[in-house]
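Hi everyone, thanks for coming along. Let me put the structure up on the screen, and then I'll talk you through it.

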Amino acid sequence: MPIPATQYIWFNGKLVPWESATVHVLSHALHYGSSVFEGVRAYATPAGVAIFRLREHTRRLFDSAKIYRINIPFTEQQINDACREVVSANGLTKGAYLRPVAFRGYGEIGVAPKIDPPVDVAVAAWEWGKYLGAESEAEGVDVCVSSWQRVAPNTLPAMAKAAGNYLSSQLISMEAHRLGFVEGIGLAPDGTVSEGAGENLFVVRDGVIHTPGFAHSVLGGITRDSVIRLAREAGYEVRETSIPREMLYIADELFFTGTAAEITPIRSVDRITVGSGRRGPVTEALQKTFFGLFTGATPDRHGWLEPVEPATRRAASA
């Protein structure tokens with residue numbers, strides 16, 4: 001299904017019509033994958049539309065660019081402002097998914113050109129529902145362990161959210177779909193559990209929550225960090241640790257996290273039922289706390305919600 005077009009995309013410092021946000025076919029990123037990006041969600045809250053952990057997402061965008069030596073020609077504040085502007089300009093009052101992206105554009109060709117091509121930056125936003133299916137939040141999804149492993153730390157930097165890294169994710173996800181599963185799980189180079197094709201992974205066993213650490217080729221997910229913090233505040237023990245594959249089969253609960261996936265339970269792995277075969281109590285409790293941030297049921301103690309419009313402007317238009 002095509003992305004539902006909105007009216008504007010923020011492109012290199014200004015809003016342009018959706019259909020005009022185009023790039024040259026000889027752009028460096030198209031040929032060599034020199035692109036970094038973010039996935040960010042905005043939610044409708046009682047106080048208006050707010051972007052979830054915008055500053056952290058933008059910081060990670062700049063961190064990813066730094067790793068790949070992509071010099072973004074805007075400040076973090078300018079990107080934050082662009083995210084708010086594109087949501088507001090497109091009238092996305094029910095919430096949105098945002099895609100900031102920075103990439104080496106049209107210039108000198110070559111894997112490592114002597115003169116860096118210009119860096120283009122864009123932010124798009126549109127309405128987007130449940131990434132892994134409308135029923136996935138309660139019923140869970142069926143997944144498999146992929147035959148494709150995640151990249152080793154000395155091949156590609158897994159902590160950078162770079163376009164080229166997602167070639168691995170495509171192979172994992174396409175294999176899962178071909179075999180009749182909703183998503184795939186990749187193993188780290190040492191055979192331990194890493195993450196989903198585009199999601200971090202959590203394992204619940206005897207009330208303790210486990211998740212692979214950064215050394216296991218995982219992306220440092222913003223939702224992952226949020227869930228760890230919310231879980232610990234709720235009194236759960238959370239261990240960032242090495243997880244053997246077989247633990248997936250004997251877990252009481254499993255769930256994915258991610259900006260797109262939010263918190264999605266896993267009901268089976270390799271046709272082996274996880275727990276009761278649907279969302280478990282720990283997953284449900286964390287979902288309630290997480291989604292409560294956007295309804296007002298959970299206090300935003302960490303200042304994670306960034307209003308799209310300043311309070312003074314909201315009051316004037318009320």
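I'll go through the nonpolar cores, then the aromatic pairs, then two helices and a residue on the outside. Please keep in mind that this is a predicted model.

Let's begin with the cores. The largest nonpolar core has 28 residues, and the members that touch the most others are Ile51, Ile72, Ile79, Val87, Leu98 and Val121. Which elements supply at least two residues each to this core? On the strand side we have S4 (40-45), S5 (48-52), S6 (95-104) and S7 (119-126), and on the helix side H2 (54-67) and H3 (76-89). H3 gives the largest share, with 5 residues. As general background, nonpolar side chains in soluble globular proteins tend to be buried together.

If you'd like one residue to zoom in on here, try Val121. Setting aside neighbours within four places in sequence, Val121 is in contact with Trp10, Phe11 and Asn12, with Ile72, Pro73, Phe74 and Ile79, and with Val101 and Ala102. There is also a second core, separate from this one, with 21 residues, among them Val227, Leu230, Phe255 and Phe290.

Now for the aromatics. The structure holds 13 aromatic pairs. The rings of Tyr43 and Phe294 count as stacked because their centres are 3.6 Å apart and their planes are at 5°. That pair links distant parts of the chain, with Tyr43 in strand S4 and Phe294 in helix H8 (residues 281-295), 251 residues apart. Are these two buried or exposed? Tyr43 has a relative accessible area of 12%, so Tyr43 is buried. Phe294 is at 4%, so Phe294 counts as buried too.

Phe294 also forms an edge-to-face pair with Phe52, at 5.5 Å centre to centre and with 90° between the planes. Here again distant parts of the chain are linked: Phe52 is in strand S5, Phe294 is in helix H8, and their positions lie 242 residues apart in the numbering. Phe52 is buried, like Phe294. Zooming out, Tyr43, Phe52, Phe290, Phe291, Phe294 and Trp304 form one aromatic cluster. Elsewhere on the aromatic theme, Arg271 lies over the face of Phe181, 4.0 Å from the ring centre.

Let's stay with H8 for a moment. With 15 residues at 1.5 Å each, H8 should span 21 Å, and its end C-alpha atoms are 20 Å apart, so the two values agree. Its buried residues are Val282, Thr283, Leu286, Gln287, Phe290, Phe291, Gly292, Leu293 and Phe294. Just after H8 comes Gly296, with a positive phi of about 95°.

We can run the same check on H6, residues 222-233. Its 12 residues should span 16 Å, and the end C-alpha atoms are 17 Å apart, so that agrees as well. The buried residues of H6 are Ile222, Thr223, Arg224, Ser226, Val227, Ile228, Leu230 and Ala231. Just after H6, Gly235 takes a positive phi of about 100°.

Last stop, the outside. Arg59 lies in helix H2. Why does Arg59 count as exposed? Its relative accessibility is 55%, and the cut-off for exposed is over 50%, so Arg59 qualifies. The C-alpha atoms of Arg59 and Ala251 are separated by 34 Å, and the two residues are 192 residues apart along the chain.

That's my tour, and I'm happy to rotate the view for anyone.

Conventions:
Residues are numbered from 1 along each chain as its sequence is written. This is a predicted model: local features need pLDDT of at least 70, side-chain atom pairs count only at pLDDT 80 or more; totals for chains, interfaces and linings use all residues. Side-chain values use heavy atoms; hydrogens and water are left out. A nonpolar core is a set of buried Ala, Val, Leu, Ile, Met, Phe, Trp, Tyr and Cys residues joined through side-chain atoms within 4.5 Å. Buried means under 20% relative accessible area, exposed over 50%, partly exposed in between (1.4 Å probe, protein chains only). Helices (H or I, at least four residues) and strands (E, at least two) are DSSP runs, numbered from the N terminus. Contact means heavy atoms within 4.5 Å. The expected span of a helix is 1.5 Å times one less than its number of residues. Rings of Phe, Tyr and Trp (its six-membered ring) pair if their centres lie within 6.5 Å; planes under 30 degrees apart count as stacked, over 60 as edge-to-face and the rest as tilted. A charge sits over a ring if NZ of Lys or CZ of Arg is within 6 Å of the ring centre and within 35 degrees of the ring normal.
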